[in-house]
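You asked for a careful reading of this structure before it is discussed further. My comments are set out as numbered points, to be read alongside the coordinates.

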Amino acid sequence: LVSPLRGGSDPTRSTLNQLASEIKEKCIGWPDDADGPAVYYASGLLAWAMTNTATPKNSRQRLLSAAVGENADLLFSRTFRALGRADRESAPPEVRIGLLKLLSIWMHGSTETIE
């Protein structure tokens with residue numbers, strides 16, 4: 001979920017890459033492309049993927065450089081902007097909690113993230 005799977009033209013890899021892309025898009029998609037529960041669960045999946053690997057620090061760094069959307073914006077920046085928008089526009093609690101949880105897990109113990 002954190003970075004694209006590489007190698008070969010295996011249809012499973014393609015499907016998993018597409019799924020990872022969809023999850024990242026849903027994480028920052030409120031209110032246009034995702035509802036509150038979708039953002040909450042997508043944020044939870046990304047947080048889980050970062051912490052439940054053999055190398056959580058590397059997972060955080062890969063997610064820092066992950067691009068999302070048509071303009072290939074960095075997911076980290078888009079997540080912060082999504083949280084700001086959620087606050088300004090009184091998003092459902094699921095959106096704010098999910099994004100805040102993801103960002104706090106992302107930054108915990110990661111000097112590269114907070115620099």
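The points below go from the overall fold to the core, the surface, the salt bridges and the backbone.

1. Status of the model. Please keep in mind throughout that this is a predicted model, and that the values quoted in this note are computed from it.

2. Overall fold. The protein chain contains 6 helices and 2 strands, and, read from the N terminus, its elements follow the order α-α-α-β-β-α-α-α. The two strands therefore sit between one run of three helices and another, given that elements are numbered from the N terminus. Among contacts in the protein chain with a separation of 6 or more, 54% are between residues 24 or more positions apart.

3. Burial and surface. Of the 115 residues in the protein chain, 33% are buried. The chain exposes about 6,700 Å², and 53% of that area is supplied by carbon and sulfur atoms.

4. The nonpolar core. Which residues touch the most other members of the largest nonpolar core? They are Leu75, Val95, Leu99, Leu102 and Trp106, in a core of 24 residues. The elements that contribute two or more residues to this core are α1 (11-27), α2 (36-51), α4 (75-88) and α5, the last of these covering residues 93-107. As general background, nonpolar side chains in soluble globular proteins tend to be buried together.

5. Surroundings of Leu99. Once its neighbours within four places in sequence are set aside, Leu99 is in contact with Cys27, Val39, Ser43, Thr79, Ala82 and Leu83. This list is worth following residue by residue in the display, since one of its members, Ser43, is taken up in the next point.

6. A buried serine. Ser43 belongs to helix α2, and it counts as buried because its relative accessible area is 1%, where the limit for burial is under 20%. The side chain of Ser43 reaches the backbone oxygen of Val39 at 2.8 Å. Leaving out residues up to four places away in sequence, Ser43 touches Cys27, Gly98, Leu99 and Leu102, and two of these, Leu99 and Leu102, are among the core residues that touch the most other members.

7. A nonpolar surface patch. Tyr40, Tyr41 and Ile97 form a nonpolar patch on the surface, and together they have about 320 Å² of accessible area. Ile97 lies in helix α5, and, with a relative accessibility of 47%, Ile97 counts as partly exposed.

8. The salt-bridge network. A search of the whole structure finds 4 salt bridges. In one of them the side chains of Arg85 and Asp32 meet at 3.7 Å, N to O, and this pair links distant parts of the chain, with Arg85 in helix α4 and Asp32 in the loop between α1 and α2, 53 residues apart. The side chains of Arg85 and Glu89 also meet in a salt bridge, at 3.2 Å, N to O, and salt bridges that share partners join Asp32, Arg85 and Glu89 into one network. Is each member of this network buried, partly exposed or exposed, and what are the values? Arg85 is partly exposed at 26% relative accessibility, Glu89 is partly exposed at 41%, and Asp32 is exposed at 60%.

9. A further salt bridge. The side chains of Asp73 and Arg78 meet at 3.7 Å, N to O. Asp73, at 25% relative accessibility, counts as partly exposed, and Arg78, at 23%, counts as partly exposed as well.

10. Backbone features to check. Most residues other than glycine have a negative phi, and most peptide bonds are trans. Against that background, two places deserve a look: the peptide bond from Trp30 to Pro31 is cis, with omega near 0°, and Ser90 has a positive phi of about 50° although it is not a glycine. Pro31 is found in the loop between α1 and α2, the loop that also holds Asp32. Ser90 lies in the loop between α4 and α5, and its relative accessibility of 58% is why Ser90 counts as exposed.

How values were computed. Residues are numbered from 1 along each chain as its sequence is written. This is a predicted model: local features need pLDDT of at least 70, side-chain atom pairs count only at pLDDT 80 or more; totals for chains, interfaces and linings use all residues. Side-chain values use heavy atoms; hydrogens and water are left out. Helices (H or I, at least four residues) and strands (E, at least two) are DSSP runs, numbered from the N terminus. Buried means under 20% relative accessible area, exposed over 50%, partly exposed in between (1.4 Å probe, protein chains only). Contact means heavy atoms within 4.5 Å. Accessible areas come from the Shrake-Rupley method with a 1.4 Å probe; for residues, only the protein chains shown count as cover. Patches are made of residues with over 30% relative accessible area and no salt bridge: like charges are joined within 9 Å, nonpolar side chains (Val, Leu, Ile, Met, Phe, Trp, Tyr) within 5 Å. A nonpolar core is a set of buried Ala, Val, Leu, Ile, Met, Phe, Trp, Tyr and Cys residues joined through side-chain atoms within 4.5 Å. A polar contact is a pair of N or O atoms within 3.5 Å; within protein, one must be able to donate a hydrogen and the other to accept it, and residues adjacent in sequence count only if both atoms are side-chain atoms.
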